[in-house]
Amino acid sequence: MGIVTTSMTFLPVLERIAEEIERTPGRGAPAGYIPALAARDPRRFGMAVAELDGTVYGVGDWREPFSAQSITKVFTLALVLAREGNVLWEHVGREPSGNPFNSLVQLEYEDGIPRNPFINAGALVVTDRLHTRTGDAAGELLALLRTESGNHGLDFDLEIAASEDAHGNRNAALAHFMASYGNIDNPVPVLLDQYFRQCSVAASCADLASATSFLARHGLRADGTRLLSRSEAKQVNAVMLTCGTYDAAGDFAYRVGLPGKSGVGGGIIAVVPGRCTLCVWSPGLDEHGNSVAGVAALDRFTTLTGLSVF
């Protein structure tokens, strides 16, 4: 199949991918360390594409809400960049970590500066800075997602947030450790409440594909106003490509060739700059915390369409 060039011609590609995924035997296992996620069926699968004109379509469970988890880190990063620009990068790096997403190892010998905004330590710093500037980081995130997705019913899943809070000792340790280096402004309990609510947002593939479109439009929101400069949108996409899938980012770039961000709820968003955005969901994860079927589906999408950043 050649490169897709007309609107809605992605749909046959999505249908073909869904059929292939349905025949795939191994799907990984849901995130077991968050009890509210552990019960999800790893055979569930949905995939959506959002065109730049707002057209959205998909296959499978593409309208089924799921826990966005770390996908939300992309949007908090955009909100902070929009407010403070390059000042942010004094507090968090832009390099792949090479370690698990909740690792404490690098923080000590890098003086409390997380390696990138998408590992948990880095995301905590970003949420902390957004909360300092807005007084309600989770609320700002939810408002952005509602507006850009067009779904004003999006909300937090308080059961998921409570579940993460009850099992959040590692995140608390990360936050306290960074606070000891002066890299956290807000009281750690306040920050953790904001962070757990942020990660608990329930949204569908359709919602998240639409909400991500500003990154394919080089920083322009759905209403045509600018959230990020073209340069800042490039920065977010670049960090997604190199750091968006934890310590499997190299393999994801090799297989998929698009900026992407995964979450342990089983979702992955991806950006084709200047063209479209995608979201795929399937709860079964690999050992790195990425959706097995989701990565496979995006791999097939770029192979069948010829669309990638390379």
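So, Arg94 and Trp89: the charged end of Arg94 sits over the ring of Trp89, 5.3 Å from the ring centre. Keep in mind that what we're looking at is a predicted model. There's another arrangement of this kind at Trp62, where the charged end of Arg63 sits over the ring, 4.1 Å from its centre.

Okay, on to rings with rings. A pair of aromatic rings is described by two things, the distance of the centres and the angle of the planes. How many aromatic pairs does a search of the whole structure find? Five. I'll walk you through two of them.

One of the five is Phe66 with Trp281, and that pair is stacked. The centres are 5.3 Å apart, with 5 degrees between the planes. Where do these two sit in the chain? Phe66 is in strand β3, residues 66-67, and Trp281 is in strand β8, residues 276-281. That's 215 residues apart, so this pair links distant parts of the chain. And are they buried or exposed? Phe66 has 1% relative accessibility, so it counts as buried. Trp281 is at 0%, so that one counts as buried too.

Now the other pair, Phe177 and Tyr181. Here the ring centres are 5.4 Å apart and the planes are at 55 degrees, so we call this pair tilted. What about accessibility for these two? Phe177 comes out at 24%, so it counts as partly exposed. Tyr181 is partly exposed as well, with a relative accessible area of 37%.

So if you're turning the model on your screen, look up the stacked Phe66 and Trp281, then the tilted Phe177 and Tyr181.

Methods:
Residues numbered from 1 in each chain as written. Predicted model: local features only at pLDDT ≥ 70, side-chain atom pairs only at ≥ 80, totals over all residues. Heavy atoms only, no water. Phe/Tyr/Trp six-rings, centres within 6.5 Å; stacked < 30°, edge-to-face > 60°. Helix = DSSP H or I, 4+ residues; strand = E, 2+ residues; numbered from the N terminus. Buried < 20%, exposed > 50% of the residue type's maximum accessible area, 1.4 Å probe, protein only. Lys NZ or Arg CZ within 6 Å of the ring centre and 35° of its normal.
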